[in-house]
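Welcome, and please bring up the model in your viewer. We will go from stop to stop, with a selection to make at each one.

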Amino acid sequence: MLFRSERVPVVGTAKMREAQQAARGEAVRDVLRDFGGANAATASDAVMEDLMKTRGARVRELTTAKNDVITRLASAGDLPVTRTVTAIDQQIAKLQALKTKELAPVIQRLEDWKQSVQGQNIENVETLRKQLGESFKAPELASVRGTGEKALSSIYGALRDDMSDFIATKGKPTDLIKWQVTNKEL
């Protein structure tokens, strides 16, 4: 299933997602072949497409549930991000200790994100989180992508803790469980 924004010429992601979907289907077939499921590996494209649609529907359902919690709490005030800021500072210090200019773009993105994430509501923080994760996929960061993504992994745990505390304090009794379950499954 392609979204409207994915069909936009030049900036749309439809071709990339289509290629990724084909690669995933082929990967499933390879695993089946490797483990003696040759007959299953020759399953029709319709079966593979149906599996992909089922997975896509589940992802949309989980995303909607997660976003419902975040959207509802957007007006509940700024999300305190003390753990997140501490984790960012620790990652910046680690990267600076390596003393290489090659990591400057990673450090710069982390410093920018540290400033951006403070004084924001939960909805904006979630948007910034997604944006930061995507920023390390930029082609010009290919040589430091792994380092940047490793730093993000350390920061995401602290951010999840900050978000969990906020949701538990400001949300409905079921919001935290709903957010945690959907976040984990996604």
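Select A74: is this residue buried or exposed? A74 is buried, at a relative accessible area of 15%; buried means under 20%, exposed over 50% and partly exposed in between, with a 1.4 Å probe and protein chains only.

Before moving on, a word about what is on screen. This is a predicted model, in which local features need pLDDT of at least 70 and side-chain atom pairs count only at pLDDT 80 or more, while totals for chains, interfaces and linings use all residues. Residues are numbered from 1 along each chain as its sequence is written, and side-chain values use heavy atoms, with hydrogens and water left out.

**Around A74**

Stay with A74, which sits in the loop between α3 and α4. Show its contacts (heavy atoms within 4.5 Å): leaving aside neighbours within four places in sequence, A74 meets N121, I122 and E123. Then draw a C-alpha to C-alpha distance to Q120, and you should get 9.2 Å for a pair 46 residues apart in sequence.

Next, select G119, in the loop between α5 and α6. G119 counts as exposed, at 51% relative accessibility. Its C-alpha is 8.9 Å from that of G77, although 42 residues separate the two in sequence.

**The whole chain**

Zoom out and colour by secondary structure. The protein chain has eight helices and zero strands; helices (H or I, at least four residues) and strands (E, at least two) are DSSP runs, numbered from the N terminus. Buried residues make up 32% of the 186 residues. Of the contacts between residues at least 6 apart in sequence, 62% join residues at least 24 apart. If you turn on the surface, about 11700 Å² is accessible, and carbon and sulfur atoms account for 54% of that; the areas come from the Shrake-Rupley method with a 1.4 Å probe, and for residues only the protein chains shown count as cover.

**Into the core**

Now select L79, L110, W113, I122 and M163. Of the 33 residues in the largest nonpolar core, these touch the most other members; such a core is a set of buried Ala, Val, Leu, Ile, Met, Phe, Trp, Tyr and Cys residues joined through side-chain atoms within 4.5 Å. The elements giving two or more residues to this core are α3 (45–72), α4, α5 (104–117), α6 (122–135) and α7, and α7 has the largest share, with eight residues.

Centre on W113. Not counting residues up to four places away in sequence, W113 touches T84, I88, L128, R129, Q131, L132, I155 and L159.

**The second largest pocket**

Which residues line the second largest pocket? Select Q91, K94, L95, L98, T147, K150, A151 and S154. On a 1 Å grid over the protein atoms alone, a pocket is an open set of points where a 1.4 Å probe fits, with protein on both sides within 12 Å along at least five of seven lines, and lining residues have an atom within 4 Å of a point. Helices α4 (82–97) and α7 (145–170) each supply at least two lining residues, and the largest share, four residues, comes from α7.

**Two last stops**

Select K99, in the loop between α4 and α5. K99 is not a glycine, yet its phi is positive, about 55°. K99 is exposed, with a relative accessible area of 76%.

Finish at Q21 in helix α1 (residues 14–34). Q21 counts as partly exposed, at 30% relative accessibility. Its C-alpha lies 7.9 Å from that of M52, 31 residues away along the chain.
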